[in-house]
Amino acid sequence: MAADRRYAYGAAAGLLGDLLLGDPRRGHPVAAFGRAAAAVEGALWHDHCGWGALHTTVCAGGAVALGALAARAVRPSPAASVALTAAAAWAVVGGTSLAREAEAVGAALTAGDIEAARARLPHLCGRDPQALDADGIARAVVESVAENTSDAVVGALVWGAAAGVPGLLGFRAVNTLDAMVGHKSPRHRRFGWASARLDDVAGWPGARLTAVLAAAAGPDPRGAVRAWRADARRHPSPNAGPVEASFAGALGVRLGGTLSYGGRVEHRPVLNGATGRAVQVPDIGRAVRLSRRVGLLALGTTVAARLLVNGLKGRGK
């Protein structure tokens with residue numbers, strides 16, 4: 001069985017596993033990586049960019065090396081190669097858990113239980129829920145669904161198609177490190193700089209593919225492209241900007257504006273402000289459905305791209 005077909009079967013099985021099972025409540029491999037990265041941080045932490053770069057290299061490099069060793073060990077067996085790819089894809093893709101958390105907040109808001117929605121929101125993002133009303137919570141959820149469609153699904157599939165199991169594990173390691181140390185807290189402003197920048201680089205292709213697929217799969221493709229072109233570069237994040245702008249245009253809503261993180265207020269540009277309306281609670285379900293379509297299209301697109309590129313290389317030899 002060709003390596004490309006092994007990857008295709010394994011990635012499809014892994015995504016199916018995520019759709020059917022979601023993330024385990026205990027013992028998730030990403031959580032285990034997080035604990036290991038925290039231990040490495042405890043040993044290496046200094047308020048210095050160089051030490052942070054070493055932390056990033058050890059943790060992300062270790063994940064890539066582990067993936068490479070495992071892939072090499074199972075290479076003689078097609079079935080084992082497919083199984084390893086499936087397990088890695090299932091471990092790093094988090095689309096189903098993302099949808100479940102978003103839908104749980106939406107259900108609480110629909111029932112009029114804003115306190116339950118506020119209690120659930122931190123499972124999705126770092127916003128201060130007490131500063132948000134029902135529509136503000138709904139907007140935060142839609143933004144989180146958009147951004148995490150790229151981070152938790154599409155980006156992983158892009159790097160998996162490019163580099164197999166090491167790419168899957170490496171991307172998730174980089175994304176997890178950014179969530180752990182890449183924020184601008186006093187402790188991590190310098191130490192987390194390398195993780196944040198590496199996440200920007202690793203997330204770049206997945207974010208653009210997510211934006212393209214959201215435009216293709218959404219109810220308003222022209223609106224998605226228009227909002228992406230007009231507003232994406234105004235967002236402070238080079239990767240969240242295209243994704244959130246495309247989702248906003250596709251769904252016909254406004255995203256961005258004033259945000260609160262742990263008492264720190266940010267005033268971000270409004271995305272799709274010219275034609276979009278305010279986010280409402282039913283838009284959570286619309287965003288989740290769009291996210292699922294984007295994830296499935298991303299699987300097909302990345303597998304097809306891998307098969308095409310390697311097929312062209314084979315002809316050129």
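These legends cover four close-up views of one predicted model.

In this predicted model, local features need pLDDT of at least 70 and side-chain atom pairs count only at pLDDT 80 or more, while totals for chains, interfaces and linings use all residues. Residues are numbered from 1 along each chain as its sequence is written, and side-chain values use heavy atoms, with hydrogens and water left out.

**View 1. Helix 7 is kinked at Ala163.** Helix 7 spans residues 134-181. Helices (H or I, at least four residues) and strands (E, at least two) are DSSP runs, numbered from the N terminus. The end C-alpha atoms of this 48-residue helix are only 30 Å apart, against 70 Å for a straight helix; the expected span is 1.5 Å times one less than the number of residues. The kink is about 150 degrees and comes shortly before Pro166. It is the angle between axes fitted to the seven residues ending there and the seven starting there. Of the 48 residues, 37 are buried (under 20% relative accessible area; exposed is over 50%, partly exposed in between; 1.4 Å probe, protein chains only).

**View 2. Helix 3 packs on helix 7.** Helix 3 covers residues 49-74. The contact (heavy atoms within 4.5 Å) includes His55 and Cys59 of helix 3, and Pro166 and Leu169 of helix 7.

**View 3. Asn272 has a positive phi.** The value is near 60 degrees. Most residues other than glycine have a negative phi. Asn272 sits in the loop between strand 2 (264-271) and helix 11. Its relative accessibility is 5%, so Asn272 counts as buried.

**View 4. Leu308 is exposed.** Leu308 belongs to helix 11 (residues 282-316). Its relative accessibility is 53%. The C-alpha atoms of Leu308 and Asp128 are 45 Å apart.

Notes: Axes are lines fitted to C-alpha atoms, for helices over the stretch in contact, and angles run from 0 to 180 degrees between N-to-C directions.
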